[in-house]
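Please open the model in your viewer and keep the selection panel at hand. The tour proceeds by selections, each followed by a description of what is found there.

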Amino acid sequence: MLHSGQVPQRYPAGRGGNPFATVANPVLAQRVAPPLHALAEDPVPAEVAWQLVHDELMLDGNARLNLATFVTTWMEPQARLLMAECVDKNMIDKDEYPQTAEFEQRCVNILADLWHAPDPAEVVGCSTTGSSEAGMLAGMALKRRWAARQPVGSPRRPNLVMGINVQVCWEKFCNYWEVEPRLVPMAGDRLHLSAAEAAARCDENTIGVVAVLGSTFDGSYEPVAEIAAALDRVQERHGWDIPVHVDGASGGMVAPFLDPDLVWDFQLPRVASINTSGHKYGLVYPGVGWVLWRHRTALPEDLIFTVNYLGGNMPTFALNFSRPGAEVVAQYYTFFRLGRGGFRAVQQAARDVATYLAGQMAAMGPFRLISRGDQLPVFAFTTTDQVSAFNVFDVSRRLRERGWQVPAYTFPAERTDLAALRIVVRNGFTHDLADLLLTDLARLLPELHAQPGPLRSAPGATGFHH
Ligand SMILES: Cc1ncc(COP(=O)(O)O)c(C=O)c1O
């Protein structure tokens with residue numbers, strides 16, 4: 001459709017228009033069609049453009065009922081107010097917006113403390129557009145550190161070891177930065193990376209191992225401490241010092257509050273860097289992410305650029321130059337507003353709803369849980385072997401009729417036989433809404449059981465990348 005050369009449509013005079021609506025709302029009387037392929041010649045009044053764009057957006061799903069996304073769909077009015085106040089601030093203009101830059105640094109400090117950096121003064125970190133950019137930056141640092149150890153002109157190809165359950169951003173990283181992805185397949189009930197499998201795939205060209213907290217597919221935490229210990233043994237045996245990067249896109253903001261005894265972060269000397277999505281369980285609207293390195297030596301100097309800041313130079317490491325400042329301000333507000341106790345309460349509420357919902361789903365009969373929502377507040381479930389009248393894709397489609405967006409998807413290699421539904425419980429998904437979802441599902445089940453067989457098949461192998 002892009003560059004098709006078509007001119008914008010204008011409705012012919014006299015067409016359409018409910019005369020009552022026209023009288024009630026003159027905006028609707030305008031004979032204007034939104035541009036599809038090219039700019040119109042003339043401007044239209046702001047209220048007309050607003051009304052028509054607003055009306056088209058009615059076709060979008062309701063974000064609060066989107067149980068597919070990890071990304072924040074509810075913030076307090078005060079946070080929205082701050083974001084509106086900062087909507088015109090460019091994060092890169094550190095000289096012009098020094099206080100926004102200061103908030104970014106305070107957020108990095110807070111995360112360094114939350115993730116037990118042994119020497120917070122030595123931590124380097126920055127905000128990003130999300131975990132994807134954060135992962136790219138962390139991956140680049142891993143690759144550059146590995147390259148610095150290679151003889152000049154070495155033909156060796158770097159590789160990155162991770163579970164096949166990693167989010168698509170890691171496959172993108174490997175593709176864009178020419179790193180061999182060593183994806184450990186799933187096997188049986190092992191639906192994420194294990195320490196033994198990770199260690200077995202490492203060699204002298206492994207730039208790092210990515211451990212995910214937790215897995216996008218089912219919300220389970222990968223065993224970061226075991227992976228680090230297995231890599232200690234690899235180093236003893238072969239001399240290869242392979243760092244771990246923790247993709248804590250969601251868990252980086254859950255585990256510190258709900259699983260304080262779990263050792264997964266900078267307490268493990270092998271963990272070189274961690275990313276998280278501020279816009280997931282960091283409780284901020286999209287898009288903000290964070291990446292931190294335990295020590296400035298983990299981030300090669302030659303990747304850092306400087307921007308002018310208060311007449312001096314400020315180091316930056318980012319893929320984009322311009323980026324909205326509002327989300328960073330909102331992240332700082334959220335840290336300030338909630339404190340540890342507030343975060344604990346919010347994340348615990350999400351976990352309570354997730355485990356409750358998972359338990360109720362399991363009790364319905366036709367469903368089997370793949371995870372229980374007791375790590376990330378996320379769980380996956382499938383139909384039991386006894387169910388032949390419908391499949392998970394039918395359930396997903398029927399729930400959509402009531403506005404619930406619950407994705408169904410197949411798992412990757414070696415478990416492509418497994419198709420599942422996944423529910424992500426976020427701040428704002430209350431017990432009340434959970435009960436309404438259960439009621440709707442219970443109401444649908446007799447109709448689903450009455451089907452002659454599944455009506456929908458997988459829309460394509462693992463086309464699922466949230
Ligand atoms: C484990 C994991 N890593 C990375 C990402 C990508 O994060 P973002 O959407 O913030 O770029 C996601 C998104 O769901 C994720 O779950």
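Begin by selecting residues 131-148, helix H5, together with residues 168-176, helix H6. In this predicted model, the axes of the two helices lie 9 Å apart and the helices pack at an angle of about 40 degrees. An angle between 35 and 65 degrees is neither roughly parallel nor roughly perpendicular, and H5 and H6 are therefore oblique to each other. Their crossing is right-handed.

Next, display the side chains where these two helices meet. On H5, select Ser131, Ser132, Gly135, Met136 and Gly139; on H6, select Cys169, Trp170 and Phe173. Colouring this contact by residue class gives four nonpolar and four polar residues, with no charged ones.

Keep Ser131 and Ser132 of H5 selected and turn to the ligand. Which residues come nearest to the ligand? They are Gly130, Ser131, Ser132, Gln167 and Ala249, out of 14 residues around the ligand. Ser131 and Ser132 thus appear both in the contact of H5 with H6 and among the residues that come nearest to the ligand. Extend the selection to the whole shell: nine of its residues are polar, four are nonpolar and one is charged.

Now zoom out and colour the protein by domain. Domain 1 covers 26-60, domain 2 covers 78-334 and domain 3 covers 350-460. For domain 2 and domain 3, the C-alpha centres are 31 Å apart. Where these two domains touch, 17 residues of domain 2 are in contact with 15 residues of domain 3. On the domain 2 side of this contact, the classes are 10 nonpolar, six polar and one charged.

For the final stop, select helix H11, residues 392-400, and helix H12, residues 431-449. How is this second pair of helices arranged? The axes of H11 and H12 come within 11 Å and cross at roughly 125 degrees. That angle makes H11 oblique to H12. The crossing of H11 and H12 is right-handed, as is that of H5 and H6.

To see the contact itself, show Asp394, Val395, Arg398 and Leu399 on H11, and Asp440, Leu441, Leu444 and Leu448 on H12. By class, the residues of this contact divide into five nonpolar and three charged, with no polar ones. For comparison, return to the contact of H5 with H6, where four residues are polar and none is charged.

Technical notes:
Residues numbered from 1 in each chain as written. Predicted model: local features only at pLDDT ≥ 70, side-chain atom pairs only at ≥ 80, totals over all residues. Near = placed C-beta within 6 Å. Nonpolar A, V, L, I, M, F, W, Y, C, P; charged D, E, K, R; others polar. Domains from an automatic or database assignment. Contact = placed C-beta atoms within 7 Å. Axes fitted to C-alpha atoms, helices over the stretch in contact; angles between N-to-C directions. Helix = DSSP H or I, 4+ residues; strand = E, 2+ residues; numbered from the N terminus. Parallel < 35°, antiparallel > 145°, perpendicular 65-115°, else oblique. Left-handed = near helix turned anticlockwise from the far one by under 90°.
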